[in-house]
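Visitor: I am new to this structure and would like a close look at a single part of it, a place where two helices meet. Could you take me through that part slowly, and then show me what else can be said about the chain?

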Amino acid sequence: MSFEEVEDPYIFSTDTLPSDRRFLPPLANGLLGWRVYNNIMHMGGMYNGEGGRCHRADVPCPLAVRVESEEPGQNTYSMNTHTGIFTHTLSSASVSVTQSLYSHRHYPNMMVMEVLMVRQVTSEEPITVNLVGSFTPQSKDIVFESGPDYKGGSYINGKVSTAEYPGGSCPAVHLIWTPIPPTLMLNADQSQGRWGFVLVVANNLESAKAKYDESLDLMATGDLRLSHEKAWKELWLQSTVEVTGSDSLCKALIGSMFYLLSAFPSINDTSSSFGGVSPGGLSNGGDGQDYWGHIFWDQDIWMYPGIALFYPKLARSVLEYRVGTVEGARDNAQKQGFKGLKFPWESAVSGREVCPEDIYGQQEIHINGDVTLAFQHYLYLTEDLSMFTEGKGKEVIYGVADYWVSRVSWNPEDKKYHLLGVMPPDEYYYNVNNSVYTNTVAKFSLQFAVELAELLQDPAPKEWKEVADQLKIPFDEESQYHPEYDGYIKGHPVKQADTVMLGYPLGLEMSPEIRRNDLEAYEPVTDPDGPAMTWGMFAIGWLELGEAEKAQHLLEKCFKNIQKPFQVWSESSDGSGAVNFLTGMGGFLQAVLFGYTGFRVQKECLAFSPHLPKKISELCVRGVSYLGSQMDWLLRKDEVCIILREQGQTAGSTKPCDLQVVLKASGTKIPLTPGKPVTFPLEPGCVCKLVSMSFCWPL
């Protein structure tokens, strides 16, 4: 095969669009989200409806335009994940027309359409193409009014009709866009022509005008597209996950990383207005579809870890979103009759519960521990205490601890604290006692509250430690495994990963025998048609036990959820459920990032224990961010190579620590020097501070 014929795994191309238009690629940037050619789009934080009727507000999209020609031609559609640009190229005998669409990666209020026409043959005839759209300035969620044009741009504005809760505000939206004509013409004397169309979406008119002015300036200087491509290049320089040996796996990893990154704000964004990540991302989530665009544990447990490993700023934006919902969480706890904070099972903007069915908000309380685990991992990866002090993260941690203390019941028979009447992550069961996942995540969040209070020299109520120490963790001594809850009958069906998550991501200490027993108990009874993220957790479990081939088989089950040609995930393998299912992508990404590498984020180190299946000859993970430094990892069959990046290349405000590799079996210590590769055998170890007594903590 010649060099020119090698397919770029970052570019997803096709001659025909998918018959199911739900699987067209989403274009998003953390603020705006849109599925290509769709008449509607969404804006982060824009919801309509009260309580359980709350959903992402549909915003009409003027860029929902197709390029068509009277002359027959060849169509090519391409999603370039290097640049975050979707292109449609229409080639005929007389002209080549390329339509480019993108949500701007650096300027999040902007979406752009560009059209390039290039004459293919010398002719004195003008050439015309049609821009076919069905835009109407209407929405079932927003009553729009037209305003006067602004600098040639059309303008509409409106407010959602119903607030999220009584007395809450109804967010406003303002759109200014370049009017799109029905046709574009290449004059007789032109060999080529370019046209640019920009849409600006903002919460007020002043901001919309300022952003539109900025877009016109960027267009005039030729920097509109360049600044977008530069922002994507900057993101990819900070993280790469690639494998050698499986093209389908490599493409799936790239697609997962791309769509997940698209759901997060720019690393240069300082607005702190991030609205969280919903299971289907910003391009989905309208009334009655894709979980209404609500934020679940999916964000904190499934999507967050793969992003936090590379991007401390983006990780922090997730935590800031949760901090911004504290008052709503306090209100939820009070309504349930408990103290502290109860984060909603389904969240929008305020943090008040917006789940359409009460039972989930009342019983699926593991969400509290899921939220605090994300904060804990952030602290261990960055040692950034400012997130917990000025950033008010400690309010979250302490508030959740107070909730657990008020929620538990003391059982005098076994002299343990119990959590009664809960729904585990496995939603086939409800009103059960002592869900093993819920109790474990509660125990760990209480322990982290004690640890954080000590670190910040805050007083910690003695009940935090007391409840943590004596909270029941169900265990069957006879079968040597963890039952899912009190009274669970071994062999009963399970919806999704639940008890197997004790080992990862929770990190509950157990022997390899018990870990194996848990995996063997639950794998055969887990719903084969359950949600896509499940098999990644089983894969990680088998990799912990060194069974890479078993893990690979489970991981490849996920491929059924990846819909071609644009690598867009569906929640279920038959294409049903949520679309652009970021939860599944996050679980899949974790299976590689924390499975193949064995990465574990721990209090004083980043542990690793690599295992590669036979068909994978190399795994390259670039940009791992730890304690202010970035590392590039290359895993091969029998060795690991790490390069600590030069300090000028790092991203993050934390002052870097001096780091070393410590190998577990031999105790060998290898200092990491910026720019110098370090190679050692494929075996477990950890990366930690060079001098264990030194602190990077900004105390």
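Guide: In this predicted model, the crossing of helices H12 and H13 is left-handed. Helix H12 covers residues 512-522 and helix H13 covers residues 534-544, and the two pack at an angle of about 145 degrees, with their axes 10 Å apart. On the side of H12, the residues that take part are Arg515, Arg516, Leu519, Glu520 and Tyr522, and they meet Phe538, Ile540, Gly541, Trp542 and Glu544 of H13. Sorted by character, the residues of this contact comprise five that are nonpolar, one that is polar and four that are charged.

From helix H13 one can turn to another part of the chain by way of Gly536, which is 180 residues from Pro356 in sequence, while the C-alpha atoms of Gly536 and Pro356 are 28 Å apart in space. Pro356 itself sits in the loop that runs between helix H6 (326-336) and helix H7 (358-363). Pro356 counts as partly exposed because its relative accessible area is 39%, a value that falls between the limits of 20% and 50%. Setting aside residues up to four places away in sequence, Pro356 touches Gly52, Trp292 and Glu346.

Next to consider is Gly51, which is found in the loop between strand E5 (47-48) and strand E6 (55-56). With a relative accessible area of 18%, Gly51 lies under the 20% limit and is therefore classed as buried. When neighbours within four places in sequence are left aside, Gly51 is in contact with Glu164, Glu353 and Val354. Gly51 and Ala163 are 112 residues apart in sequence, yet their C-alpha atoms are 8.8 Å apart in space.

For the wider setting, the domain assignment of the protein gives domain 1 as residues 11-237, domain 2 as residues 292-473 and domain 3 as residues 618-689. The C-alpha centres of domain 1 and domain 3 lie 42 Å apart. Separately, an unreviewed UniProt entry lists residues 277-490 under the name "domain: Glycoside hydrolase family 65 central catalytic". Over residues 277-490 the chain is 48% helix and 3% strand, and the C-alpha atoms at the two ends of this stretch are 35 Å apart.

Definitions and conventions: Residues are numbered from 1 along each chain as its sequence is written. This is a predicted model: local features need pLDDT of at least 70, side-chain atom pairs count only at pLDDT 80 or more; totals for chains, interfaces and linings use all residues. Side-chain values use heavy atoms; hydrogens and water are left out. Axes are lines fitted to C-alpha atoms, for helices over the stretch in contact, and angles run from 0 to 180 degrees between N-to-C directions. Helices (H or I, at least four residues) and strands (E, at least two) are DSSP runs, numbered from the N terminus. A crossing is left-handed if the near helix is turned anticlockwise from the far one by less than a right angle, and right-handed if clockwise. Contact means heavy atoms within 4.5 Å. Ala, Val, Leu, Ile, Met, Phe, Trp, Tyr, Cys and Pro count as nonpolar, Asp, Glu, Lys and Arg as charged, and the others, Gly among them, as polar. Domain bounds come from an automatic or database domain assignment. Buried means under 20% relative accessible area, exposed over 50%, partly exposed in between (1.4 Å probe, protein chains only). UniProt positions are given in the numbering used here, feature names are shortened, and annotations may be inferred rather than shown by experiment.
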